[in-house]
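Visitor: I am new to reading structures, and I would rather understand one part carefully than skim over everything. Please choose a single part, take a close look at it, and tell me how it relates to what lies around it.

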Amino acid sequence: TAWLDARAAGEQALRATVAQIEDEVASSGAVLTEESRTPQTAFDDALVTRLASLLDGAPVMSTGAGHDAGILSNAGARAAMIFVRNPTGVSHSPAEWAEPEDCLAGVAALTTVLADLSGSEP
């Protein structure tokens, strides 16, 4: 038994990737079962631009990640995400980790953003 969280830049690319994996799985005599599918998260462009500006031009990256922000965005709420650097890229695993300094930088970034959005000083 295995579990796969597949993400891609677009629905067509995602479907093509999953189809390739499904073919490989079938050739081994196993079966692939799709348990869930979440639409690609579209973050609010104006909010993303505002956060990048507040955070000294922090890089803006495309992501298949949605997490809670994806649920909110797909429900029609304006949403964006702030990422904390992870040196290994491992995610959703006990092996995921970040340096304490990077976690503190994430807290500082979130504080700055929340202060701006609330109209107060950080």
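Guide: A residue is called buried when its relative accessible area is under 20%, exposed when that value is over 50%, and partly exposed in between. With those words in hand, let us turn to helix α4, which covers residues 100-118, and keep in mind that what you see is a predicted model.

Helix α4 has 19 residues and reaches 27 Å from its first C-alpha to its last, which is close to the 27 Å expected at 1.5 Å a residue. After the helix comes Gly119, whose phi is positive, near 80 degrees.

The buried residues of α4 include Asp102, Gly106, Ala109, Val113 and Ala115. When you look at the spacing in such a list, it helps to know that an α-helix has 3.6 residues a turn, so residues three or four places apart point the same way. Part of what covers the buried residues of α4 is helix α2, residues 45-54.

Asp102 deserves a moment of its own, because with a relative accessible area of 12% it falls under the 20% limit and is buried. Once residues up to four places away in sequence are set aside, Asp102 touches Val84 and Arg85.

Further along the same helix we come to Asp116, which at 27% relative accessibility counts as partly exposed. In general, side chains of opposite charge can pair when their charged atoms come close. Asp116 is in such a pair, for it forms a salt bridge with Arg50, and the closest N and O atoms of the two are 2.7 Å apart. This pair links distant parts of the chain, since Arg50 sits in helix α2 and Asp116 in helix α4, 66 residues apart. Arg50, at 34% relative accessibility, is partly exposed as well.

The model has 4 salt bridges by the rule used here, and another of them makes a useful contrast with the pair on α4. Arg15 forms a salt bridge with Glu11, with the closest N and O atoms 3.0 Å apart, but these two residues are only 4 residues apart in helix α1 (residues 11-27), which means that about one helical turn separates them. Arg15 is partly exposed at 47%, and Glu11 is partly exposed at 33%.

Helix α4 also takes part in the lining of an open space. General practice is to roll a probe the size of a water molecule over the atoms, which shows where empty space is left. The second largest pocket holds about 1000 Å³ of space. There are 35 residues lining this pocket, and Met61, Met81, Ile82, Phe83 and Val84 are the closest to its centre. The elements that give two or more residues to this lining are α2 and α4, and the largest share, 5 residues, comes from α4. Sorted by class, the lining has 20 nonpolar, 10 polar and 5 charged residues.

Put together, α4 has buried residues covered in part by α2, is joined to α2 through Arg50 and Asp116, and shares with α2 a place in the lining of the second largest pocket. Val84, finally, is a name to look for twice, as a residue that Asp102 touches and as one of the residues closest to the centre of that pocket.

Notes. Residues are numbered from 1 along each chain as its sequence is written. This is a predicted model: local features need pLDDT of at least 70, side-chain atom pairs count only at pLDDT 80 or more; totals for chains, interfaces and linings use all residues. Side-chain values use heavy atoms; hydrogens and water are left out. Buried means under 20% relative accessible area, exposed over 50%, partly exposed in between (1.4 Å probe, protein chains only). Contact means heavy atoms within 4.5 Å. The expected span of a helix is 1.5 Å times one less than its number of residues. On a 1 Å grid over the protein atoms alone, a cavity is a set of points where a 1.4 Å probe fits but cannot get out, and a pocket is an open set with protein on both sides within 12 Å along at least five of seven lines; lining residues have an atom within 4 Å of a point. Grid points are joined across faces, edges and corners, and a volume is the space filled by probe spheres set on the points. Ala, Val, Leu, Ile, Met, Phe, Trp, Tyr, Cys and Pro count as nonpolar, Asp, Glu, Lys and Arg as charged, and the others, Gly among them, as polar. A salt bridge is a side-chain nitrogen of Lys or Arg within 4 Å of a carboxyl oxygen of Asp or Glu.
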